[in-house]
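Please open the model in your viewer and keep the sequence panel beside it. The stops below say what to select next and what is to be found there.

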Amino acid sequence: MLFKVTIDSMVKNLIDNINISLIFLQSLTRYGFFIKRRFLDKLDKFKFSSKREAIFIFMKVLIVEDNAALTTIITTYLERSGFVCEQVTDLKQALEKLYGFSYDIVLLDLTLPDGDGLTLLEQLKSKWSATGVLIMSAKNALDDRLKGLDMGADDYLPKPFHMAELNSRMKAIYRRRHQKGAVNLIFKEIMIKVEAKEVEVNNIVLDLTKKEFELLRYFMVNKNRLLTKQAIAEHLWGDYMDMADSFDFVYQHIKNLRKKIKDAGGQDYISTVYGGGYKMMES
């Protein structure tokens, strides 16, 4: 009972300071997992508004950088802008993450303790071609930039750089890869206004929580692909979700999203694949 009261108090304190970075929570052990879950569950009750836009998850990012101070700065900035961030310091750790989880974008340093980042870029292009790559490196020579871009990197940002520029370049990569350069996502009668953080069905604006918005967007950029509950949870909440004993909460979010789309006169394009997960496709 005492432990529960302590957890509730910690969650309340976190919500009172809602813009806190999640870095501390991500560093906790299994107790930290439950604390963070409770925090995120509470956070999901907030609706979209311009004042809260900064905390909404935009995409999932793997940061491959051995400079701890720079990694902390990048992670803090991106998480406050709504990204889910995971961090590694060398090629070996990066490969372990890539084999175990999926990412929208990899931020890649070229000079790593156990090898050249271009080695990882080559593997990314051959095995995880759907993942965007932004090279961030102190190597600012023209030959280095051309080599990285010729090998398939989406962009090359020389150090030092401004966080706002990094943010804008990452958004541009995401739009090119998942939205064909378009500002909005459209599927049948459903339109996601990405920058405005709005969803319209038959020109009716839906009242979605942040997780419902993110969930719909994840389905729309992965149309006709089977998405498991675990993949959905890890993409929207982070890699730590592989510690979860159950992913039943994903079903509840999908159920709520389906109802809101139907209430606006839309069709349910999210199919349940029993024993597999979910797939968004034309009826």
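A residue is called buried here when its relative accessible area is under 20%, exposed when it is over 50%, and partly exposed in between, with a 1.4 Å probe and protein chains only. Helices (H or I, at least four residues) and strands (E, at least two) are DSSP runs, numbered from the N terminus. This is a predicted model, in which local features need pLDDT of at least 70 and side-chain atom pairs count only at pLDDT 80 or more, while totals for chains, interfaces and linings use all residues. Residues are numbered from 1 along each chain as its sequence is written, and side-chain values use heavy atoms, with hydrogens and water left out.

**The whole chain**

Begin with the complete protein chain, which has eleven helices and 13 strands; of its 283 residues, 47% count as buried.

**The open sheet**

Next, select the five strands that form an open sheet in the order β2-β1-β3-β6-β7, with parallel pairing; two strands are taken to pair if DSSP finds at least two bridges between them. At the edges are β2 (84-88) and β7 (155-158), each of which pairs on one side only. Neighbouring strands of this sheet are turned by 20 degrees against each other on average, direction ignored; the axes are lines fitted to C-alpha atoms, for helices over the stretch in contact, and angles run from 0 to 180 degrees between N-to-C directions.

Now add helix α4 (residues 68-80), which packs on the sheet and touches β1 (60-64), β2, β3 (105-108) and β6, with a direction at about 170 degrees to that of β2; contact means heavy atoms within 4.5 Å.

**Strands β6 and β7**

Zoom in on β6 (residues 132-137), which is joined to the parallel strand β7 by four bridges. Along this pair, Met136 stands opposite Leu157, and Ser137 has Pro158 as its bridge partner. Between the two strands the chain passes through helix α7 (residues 142-150), in a β-α-β crossover that is right-handed, meaning that, with the strands pointing away from the viewer, the path from the first strand over the helix to the second runs clockwise.

Is Ser137 buried or exposed? Ser137 is buried, with a relative accessible area of 1%. Apart from neighbours within four places in sequence, the contacts of Ser137 are Asp109, Leu110, Tyr156, Leu157, Pro158 and Lys159.

**Past β7 to helix α8**

Follow the chain to Pro160, in the loop between β7 and α8, where a cis peptide bond joins Lys159 and Pro160, with omega at about -5 degrees. Then select helix α8 (residues 163-178), which lies across β1, β3, β6 and β7 and runs at about 155 degrees to β6. The buried residues of α8 are Met163, Leu166, Asn167, Met170, Ala172, Ile173 and Tyr174, and their cover includes β1, α4, β3, β6, β7 and α9 (210-220).

**Two loops and helix α10**

Move on to Lys197, in the loop between β9 (190-193) and β10 (198-201); Lys197 is not a glycine, yet has a positive phi of about 55 degrees, and at 11% relative accessibility counts as buried. Asn202, in the loop between β10 and β11 (204-205), also has a positive phi of about 55 degrees although it is not a glycine, but counts as partly exposed at 37% relative accessibility.

Finish at helix α10 (residues 229-237), whose buried residues are Ile232, Ala233, Glu234, His235, Leu236 and Trp237. After α10 comes Gly238, with a positive phi near 115 degrees.
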